[in-house]
Amino acid sequence: YWRDVTCTDDGNTAIACVEGGRIYITRDAGISWTDASSGMGNKKWGAVAMSRTGTTMYAGTINESTVSLYKSTNTGNTWAAVSMSGSAPNGFYHLVCSNDGTGLVNLNTNRTYPSYSSNSGSTWTSVSVYFGAVNSAHDVAISGDNSLIYVSGNTAVYRFYAGNLASAGAFTGLSSAYQYT
């Protein structure tokens, strides 16, 4: 099934991935799509992300024996595997990117420890708050300037400074009473 999609600010360039399939890119606001999986083949793609202009793109796998992250620096024309170290994700469930394409935040497949990279996915660090069964992480966001990270959990929204992932502000007073069910 279609697993993830993201687009540039103007919406003209978008990238989408299929879990157990391919990566597709449009550069004409969805009029036509091309297979951008050349050299990578069918994989269990979990997430895609791109810089504000779409020049830098990422695609990460999910539920594979070897988790992989691929990067393109030419709007998806060619891709290269990223060599990851540190607290590298065990899968790419939800991946977001800063405006310039260097900052990445990812939710792993079990949604327990969101992780952050400030260097295009080469080195990863987990945030300090454990998101377990009671407080699963649901979504992540990163500021365009790569300075703030937000994580939504069952019980709160958390803010982390990219330079200090141990410093979390938990906004627990936010009401979720207006959720549509």
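**Exercise 1. Cysteines**

How many disulfides does the count come to?

Solution. The structure is a predicted model, in which local features need pLDDT of at least 70, side-chain atom pairs count only at pLDDT 80 or more, and totals for chains, interfaces and linings use all residues. Residues are numbered from 1 along each chain as its sequence is written, and side-chain values use heavy atoms, with hydrogens and water left out.

Step 1. Fix the criterion: a disulfide is a pair of cysteine sulfur atoms within 2.5 Å.
Step 2. Apply the criterion; the count comes to 0 disulfides.
Step 3. Look at the surroundings of two cysteines. Buried means under 20% relative accessible area, exposed over 50%, and partly exposed in between (1.4 Å probe, protein chains only). C17 has a relative accessible area of 0% and is buried; C97, at 13%, also counts as buried.

**Exercise 2. Strand 5 and its partners**

Find the strands that pair with strand 5, and state how covered strand 5 is.

Solution. Step 1. Define the elements. Helices (H or I, at least four residues) and strands (E, at least two) are DSSP runs, numbered from the N terminus. Two strands pair if DSSP finds at least two bridges between them.
Step 2. Take strand 2 (residues 14–21): it runs antiparallel to strand 5 and is joined to it by 2 bridges. In one of these pairings, E19 has K44 of strand 5 as its bridge partner.
Step 3. Take strand 6: its pairing with strand 5 is antiparallel, over 5 bridges. W45 has T61 in strand 6 as its bridge partner. The two strands form a hairpin with 6 residues between them, and G54 in the turn has a positive phi of about 85°.
Step 4. Check the cover: 7 of the 8 residues of strand 5 (residues 43–50) are buried.

**Exercise 3. From strand 6 to strand 8**

Follow the pairing onward from strand 6, and place W79 relative to it.

Solution. Step 1. Strand 6 (residues 57–61) pairs with strand 7 (residues 69–72) in the antiparallel sense over 4 bridges, with G60 opposite L69.
Step 2. Strand 7 in turn pairs antiparallel with strand 8 (residues 80–81) over 2 bridges; A80 is the bridge partner of K71.
Step 3. W79 sits in the loop between strand 7 and strand 8. W79 counts as buried because its relative accessibility is 15%.
Step 4. List the neighbours. With contact meaning heavy atoms within 4.5 Å, and not counting residues up to four places away in sequence, W79 touches I15, I25, A36, M40, M57, Y58, A59, Y70, K71 and S72. One of these, A59, is 20 residues from W79 in sequence and 9.2 Å away in space, C-alpha to C-alpha.
Step 5. Add the polar atoms. A polar atom of the W79 side chain lies 3.1 Å from the backbone oxygen of A36, and one lies 3.2 Å from the backbone oxygen of G76.

**Exercise 4. The open sheet**

Which strands stand at the edges of the open sheet?

Solution. Step 1. Write the order: 5 strands form the open sheet as 9-13-12-11-10, with mixed pairing.
Step 2. Strand 9 (85–86) and strand 10 (94–97) stand at the edges; each has a single partner strand, so one side of each is left without a neighbour in the sheet.
Step 3. Inspect one edge: strand 10 pairs with strand 11 in the antiparallel sense over 4 bridges, and L95 stands opposite N106.

**Exercise 5. The largest nonpolar core**

Identify the main contributors to the largest nonpolar core.

Solution. Step 1. Such a core is a set of buried Ala, Val, Leu, Ile, Met, Phe, Trp, Tyr and Cys residues joined through side-chain atoms within 4.5 Å.
Step 2. The largest core has 15 residues, of which V105, Y116, V140, I142, I149, V151 and F160 touch the most other members.
Step 3. Two or more residues come from each of strand 11 (104–107), strand 14 (137–142), strand 15 (148–153) and strand 16 (157–161). Strand 14 gives the largest share, 3 residues.
Step 4. Take I142: beyond four places in sequence, I142 touches V96, C97, S98, G103, L104, V105, Y116, L148 and I149.
Step 5. Apart from this core lies another, of 13 residues, including I23, I25, W45 and A59.

Terms used: Polar contact = N/O pair within 3.5 Å; in protein donor to acceptor, adjacent residues only side chain to side chain.
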